[in-house]
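User: I have a model open and want to go through its contacts. Can you take me through them, starting with a salt bridge?

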Amino acid sequence: MKKTVIVSSPGKLIIGGEHAVVYGRRALVTSIGIRLYMQLAVDENTDKQTEKHLLNFTLHDTNQRYSIDLYESSDTQTIEVQAVIHVYNQFKSFLSESGVFNIEVRSEIPIGAGLGSSAAFSVCLVGCFHLLCHGKLCLEDINELAYRVECLFHGTPSGVDNTISTFGQSLLYSRASKKHLNFRLSNLAIIDTGIPKSTKRMVGLVRSFVESNPEEGEKILNDIATCVDAMVEHPDELDELFQRNQQLLKHLGVSTVEIDQIVEILLKNSISTKITGAGGGGCLIALTSTFTKEQILE
Ligand code: MEV
């Protein structure tokens, strides 16, 4: 019997609190109107003679195609394939013992730019198997397993990315709690530095800084948390709060020469800009106030 499910999940912007959120502080995060789409089609085979457990997996945006036996060891596979095998193993007791799985992925979210492409991938992957096996989407369960998939990609993430990709809207998130907020920004530009970033590497870099400078590290993390609370309570002060959060991120070591230059050029033109996500490249967000798109581009 053939069954097909399609799931999509949004990208995200961290407005404030990235990195500090790894250490239990709060982050302000919002979903954005670009999505990753995943289709899972399974052709279940009931004939024991021709039993197979085949996975055809296509990532259209990066032109990656895989055809693998799901019962083979996953250690030598790419991280995306390992993620698929990991999730398949969690659900296989609900699936027919034999069949061919076809997974296709298309993403509007740029990959490795800090806009949540890997979290959207993890959430869609779990969501597809969940829908296929249970006929509905239980968001809390999906989020929990998507976090474990994110750990394959990033080591010890805070869970903010998979949580916003699962629930959407805007959230004030910490490892201990999540609160939905009615937080919307209409005057925001996303600036892609074009420099690929690695979340795992940047989180590791911050960990080294905090471990070798415990007092200074704690102070910066607490100042970032204060900044995030102020963003929620005084959205009219975002301009100044963006600048403060960016300075604190720079202190943590996740800015680069190129990012500093972009921030400085825009600030000279009265536009406050900060890193969004892990830093080291990826994307920045800028409060554009009354500037037009053409003025910003100039
Ligand atoms: C990445 O989008 C956000 C970081 O704070 C890492 C994390 O929270 O896991 C840099």
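Analyst: Arg25 and Glu218 form a salt bridge, with their closest N and O atoms 3.0 Å apart. The term covers a side-chain nitrogen of Lys or Arg within 4 Å of a carboxyl oxygen of Asp or Glu. This is a predicted model, so local features need pLDDT of at least 70 and side-chain atom pairs count only at pLDDT 80 or more, while totals for chains, interfaces and linings use all residues. Residues are numbered from 1 along each chain as its sequence is written, and side-chain values use heavy atoms, leaving out hydrogens and water.

User: How many salt bridges are found in the whole structure?

Analyst: The search finds 9. Arg25 sits in the loop between β1 and β2, and Glu218 is in helix α6 (residues 214–233), 193 residues apart. Helices (H or I, at least four residues) and strands (E, at least two) are DSSP runs, numbered from the N terminus.

User: What about domains, where are the bounds?

Analyst: Domain 1 is 2–181 and domain 2 is 188–287, with bounds from an automatic or database assignment. Their centres, taken over C-alpha atoms, are 27 Å apart. Between the two domains there are 3 salt bridges.

User: And how much area do they bury between them?

Analyst: About 2400 Å², 63% of it on carbon and sulfur atoms. Buried area is the accessible area (1.4 Å probe) that two parts lose on being put together, summed over both.

User: Which three residues supply the most on the domain 1 side?

Analyst: His19, Tyr23 and Arg25, with 28% of the area that domain 1 buries against domain 2. By contact (heavy atoms within 4.5 Å), 25 residues of domain 1 meet 34 of domain 2.

User: How many residue pairs are in polar contact across that interface?

Analyst: The rule finds 10, both residues at pLDDT 80 or more. A polar contact is a pair of N or O atoms within 3.5 Å; within protein, one must be able to donate a hydrogen and the other to accept it, and residues adjacent in sequence count only if both atoms are side-chain atoms. On the side of domain 1 that touches domain 2, β1 (2–16), β2 (27–44) and α3 (139–154) each give two or more residues. β1 gives the most, with 4 residues.

User: Switching to the ligand, which residues are closest?

Analyst: Lys12, His19, Pro157, Ser158 and Asp161, among 13 that surround the ligand, each with a heavy atom within 4 Å of it. A polar side-chain atom of Ser158 is 2.6 Å from a ligand oxygen. For Asp161 the distance is 2.8 Å, and for Lys12 3.0 Å.
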